[in-house]
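Please walk through this structure from its interior to its surface, and then to the charged pairs that join parts of the chain.

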Amino acid sequence: MTDAIAADVQPGPEPSPLEGSYLGQSGELFRLALVTSFLTLITLGIYRFWGTTRIRRYVWSSITSESDSFEYTGTPVEKLLGFLLAVVVLAVSLGLIQLGLFFAGLSVFAPGDTPTDQVLAQALLNLSFLLLLPLWFFAMYRAYRYRMGRTRWRGIRFGVEDGAWGYAVRALGYGVLTVLTLGLLAPLMTFKLEKYKADRTWFGNARFTQHGRWQMLFPALKVPAVGLGIILLGFILIAADAGVLGVLTSLGGSITLMVGIVRYRSHAFKIMTQSKILGENVEFGCDLDPGEVARITIWGGIAAGVLTALIFAIASGVIAVVSGLDFALLTDGVNPNLDQTNAVILAVSPLVGTLLALLVYSAMILVFVHQPVLAHTVNTTYVRNPIALISIKQRGEDLAEDADGFADALDVGGAF
């Protein structure tokens, strides 16, 4: 009888995890990115807000789990108005900084004639922009808050509490510690800033909580530390007159450091995702491979650069043929067959070609780097105990405030 009762109270099998899936297609995203970039160019940047919104809606809708896709509800008008507000604030901030320097008897815009005055003016200009660094971190948090506040899944909104200035102050403090320790305390900065954001993030009426300790990120620091050590060795060799060997060593260390930073960020994301909890008992798993992320980033960046250079070379050849230019004669400074139309084409084509190359390159990076990394991340992340998601209810909508206008003004906010 006792055995029968015990059998009745035994827990059932653990529910299957809720796995993510990314369904975006490279061709579709490339066409979308290219069209929106071209429209941004011919509208002198105005279409940027509509283009970003279209790309986000496509990417968000491509992230699914059990046929439930994410939804981006932000609007381009919100972004445009937020950008205009941010530009005004930034202009006033720079004006106040310069005014303070002026009353201190210093000026960036009217330096003296001596070399010392010129150097001082440049140093003050750099200081003016350095004083805007808090706004850069402020913009990062506000952009995160806006994107989350305009994201829904299964009809339930995400949301983030206000706290941009608190984030900026912490980022500056931890950033100084990271620099002073040559990156040794980078895990402290990474963990504390992520915890600050995660602990203020909600899905419906359930709050995220970041558990763990910052020391758990030290294993992710291994490759960047090796790269930094090789760079220092290269400097020592250069100082010891081992010129070529020192330069090559420093170059190898720089490459190792860049790869290591990519691995560090993805490894840290994996560890912290595994340590997050939503509500009381919704846990997360992540099998992301930092090495795969590094490979995608490196080879994707190379592919984007090579294809862009190839397209640029072909386009330049077509322009040369169509305009009837004779580059052999141009090297002598005179081309007797160059008429007025060709002269205009010759003057404008380098600028147009460079802009088009940048547009193509940004679209290539989006397709060959950012989307594959996102796809790998989504496909390797899952939710444990998904049955607990049923009890989560809707929450109030966050105000748009400045949208992510500061992020647009300062070019902050990532690929999407």
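The paragraphs below take up the nonpolar cores, one helix, a surface patch and the salt bridges in turn.

The model is a predicted one, and a sensible place to begin reading it is the interior. In soluble globular proteins, nonpolar side chains tend to be buried together. Here the largest nonpolar core has 29 residues, and those with the most contacts inside it are Phe203, Leu278, Val282, Leu389 and Ile392. Two or more residues of this core are given by each of α6 (133–149), β6 (156–160), α7 (164–180), α8 (186–198), β8 (206–210) and β10 (282–286), and the largest share, six residues, comes from α6. To see the packing around one of the residues with the most contacts, one may select Leu278, which touches Phe203, Ala206, Arg207, Phe208, Phe284, Leu389 and Ile392 when residues up to four places away in sequence are not counted. Apart from this core lies another, of 17 residues, which includes Ala33, Ala363, Val367 and Val378.

Helix α6 deserves a closer look. Of its 17 residues, 13 are buried, so α6 is largely enclosed by the rest of the structure. Its geometry can be checked as well: at 1.5 Å a residue, the 17 residues of α6 should span 24 Å, and the end C-alpha atoms of α6 are 24 Å apart, which agrees with that expectation.

Nonpolar side chains also appear on the surface, where Ile46, Trp50, Val77, Leu81 and Leu84 make a nonpolar patch of about 470 Å². Helix α4 (residues 76–103) supplies the largest share of the patch, three residues. An α-helix has 3.6 residues a turn, so residues three or four places apart point the same way. Another member of the patch, Ile46, sits in the loop between α2 (26–42) and α3 (48–62), and Ile46 is exposed because its relative accessible area of 52% lies over the 50% cut-off.

The charged side chains come next. Side chains of opposite charge can pair when their charged atoms come close. The count for this model comes to nine salt bridges, and several of them link distant parts of the chain. In one, the side chains of Asp68 and Arg154 meet at 3.0 Å, N to O; Asp68 lies in strand β4 (residues 68–72) and Arg154 in the loop between β5 (151–153) and β6, so the partners are 86 residues apart. Both ends are partly exposed, Asp68 with a relative accessible area of 26% and Arg154 with one of 39%.

A second pair brings us back to α6. Asp162 forms a salt bridge with Arg145, with the closest N and O atoms 3.7 Å apart, and this pair links the loop between β6 and α7, where Asp162 lies, to helix α6, which holds Arg145, across 17 residues. How buried or exposed are Asp162 and Arg145? Asp162 counts as partly exposed at 49% relative accessibility, whereas Arg145 is buried, with a relative accessible area of 12%.

A third pair involves α8, one of the elements of the largest core. Glu194 and Lys276 form a salt bridge in which the closest N and O atoms are 3.0 Å apart; Glu194 is in helix α8 and Lys276 in strand β9 (residues 276–278), 82 residues apart. Lys276 counts as buried, at 15% relative accessibility. Finally, salt bridges that share partners join Asp289, Glu292 and Arg295 into one network.

Notes: Residues are numbered from 1 along each chain as its sequence is written. This is a predicted model: local features need pLDDT of at least 70, side-chain atom pairs count only at pLDDT 80 or more; totals for chains, interfaces and linings use all residues. Side-chain values use heavy atoms; hydrogens and water are left out. A nonpolar core is a set of buried Ala, Val, Leu, Ile, Met, Phe, Trp, Tyr and Cys residues joined through side-chain atoms within 4.5 Å. Buried means under 20% relative accessible area, exposed over 50%, partly exposed in between (1.4 Å probe, protein chains only). Helices (H or I, at least four residues) and strands (E, at least two) are DSSP runs, numbered from the N terminus. Contact means heavy atoms within 4.5 Å. The expected span of a helix is 1.5 Å times one less than its number of residues. Patches are made of residues with over 30% relative accessible area and no salt bridge: like charges are joined within 9 Å, nonpolar side chains (Val, Leu, Ile, Met, Phe, Trp, Tyr) within 5 Å. Accessible areas come from the Shrake-Rupley method with a 1.4 Å probe; for residues, only the protein chains shown count as cover. A salt bridge is a side-chain nitrogen of Lys or Arg within 4 Å of a carboxyl oxygen of Asp or Glu.
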